[in-house]
Amino acid sequence: MLRIGAIVLGVSDLPRAVRFWAGALGYLISEAEERADWVVLVPEDGPGTPLVLTLNSSTAEERPRVHVDLFTDGPEEQAAEITRLISIGGSFVGWDRHPGEPDFAVLSDTEGNRFCVVDTA
């Protein structure tokens with residue numbers, strides 16, 4: 001059976017992207033997987049899906065076909081996380097394709113990669 005081994009994001013400024021995503025997720029750099037052109041971030045507390053940041057010269061897509069969903073446990077936590085993510089360099093993205101009452105907000109990282117913060121309650 002297949003399973004997701006890692007999520008990979010292309011970035012143009014690797015140190016900036018590492019600071020943002022490590023801060024966003026509480027992940028650490030896997031020094032065994034660190035190279036000049038890519039870094040693997042892993043959960044600080046052990047198990048979980050790694051996030052690979054790799055140097056890439058293409059620009060982020062405005063409407064990406066694949067993106068990351070970050071889950072929260074309720075609207076208050078969602079609002080607090082959105083505020084925190086913006087404070088460390090993320091940006092709120094105006095999204096014209098929201099359903100009537102969305103349970104998600106679209107943000108972008110420091111590289112313009114889109115991701116959603118989802119209220120799972």
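Let me open with a question: in β3, which residue is the bridge partner of I29? Keep that one in mind while we look around, and remember as we go that this is a predicted model. Here is the reply: the partner of I29 in β3 is L41. That pair belongs to a link between β2 and β3, which run antiparallel and are joined by three bridges.

Let's step back to the whole chain. The protein has two helices and eight strands. If you read along the sequence, you meet them in the pattern β-α-β-β-β-β-α-β-β-β. The radius of gyration is 14 Å, close to the 14 Å that the globule rule gives for 121 residues, so the protein is as compact as a globular protein of that length. Along the principal axes, the C-alpha atoms fill a box of roughly 45 × 35 × 30 Å. Of the 121 residues, 34% count as buried. And here is a nice one about contacts: among those with a separation of 6 or more, 54% come from residues 24 or more positions apart.

Now to the sheet that holds our opening pair. Four strands make up an open sheet, in the order β1-β4-β3-β2, with mixed pairing. Why is one side of β1 and of β2 left without a neighbour in the sheet? Both β1 (7-11) and β2 (27-29) stand at the edges and have a single partner strand each, so one side of each is left free of a neighbour there. From one strand to the next, the twist averages 25°.

In this sheet, β3 covers residues 38-43 and β4 covers residues 51-55, and the two pair in the antiparallel sense over four bridges. You can find V40 opposite V52 in β4, and W38 opposite T54, also in β4. A quick general reminder for those new to this: strands of a sheet pair through backbone hydrogen bonds, either parallel or antiparallel.

Something packs on this sheet, and that is helix α1, residues 14-25. Helix α1 touches β1, β2, β3 and β4, and its direction makes about 165° with that of β4. The helix has twelve residues and reaches 16 Å from its first C-alpha to its last, close to the 16 Å expected at 1.5 Å a residue. Its buried residues are L14, A17, V18, F20, W21, A22 and A24. When you look at that list, it helps to recall that an α-helix has 3.6 residues a turn, so residues three or four places apart point the same way.

What about the two ends of α1? At the N-terminal end, D13 acts as a cap, with a side-chain oxygen 3.1 Å from the backbone nitrogen of R16. After the helix comes G26, whose phi is positive, near 70°.

Let's move along to the other sheet. Here four strands form an open sheet in the order β5-β8-β7-β6, and again the pairing is mixed. The edges are β5 (68-72) and β6 (91-92); each has a single partner strand, so one side of each lacks a neighbour in the sheet. Strand β7 (residues 104-108) and strand β8 (residues 114-119) run antiparallel, joined by five bridges. Within that pairing, V106 has C116 in β8 as its bridge partner. Helix α2, residues 75-87, lies across β5, β6, β7 and β8, running at about 155° to β8.

My last stop is a residue I'd like you to click on: E111, in the loop between β7 and β8. Is E111 buried or exposed? Its relative accessibility is 15%, and the cut-off for buried is under 20%, so E111 counts as buried. Leaving aside neighbours within four places in sequence, E111 is in contact with V11, S12, D13, R16, A17 and A60. In one of these cases, the backbone nitrogen of S12 lies 2.7 Å from a polar atom of the E111 side chain.

Another partner is R16, which sits in helix α1. The side chains of R16 and E111 make a polar contact at 2.9 Å. R16 is partly exposed, with a relative accessible area of 30%. Beyond its neighbours within four places in sequence, R16 is in contact with T110 and E111.

And to finish where we began, with I29: R16 and I29 are 13 residues apart in sequence and 13 Å apart in space, C-alpha to C-alpha. Thanks for listening!

Key:
Residues numbered from 1 in each chain as written. Predicted model: local features only at pLDDT ≥ 70, side-chain atom pairs only at ≥ 80, totals over all residues. Heavy atoms only, no water. Pairing = 2+ DSSP bridges. Axes fitted to C-alpha atoms, helices over the stretch in contact; angles between N-to-C directions. Contact = heavy atoms within 4.5 Å. Expected span 1.5 Å × (residues − 1). Buried < 20%, exposed > 50% of the residue type's maximum accessible area, 1.4 Å probe, protein only. Polar contact = N/O pair within 3.5 Å; in protein donor to acceptor, adjacent residues only side chain to side chain. Rg over C-alpha atoms; globule rule 2.2 N^0.38 Å.
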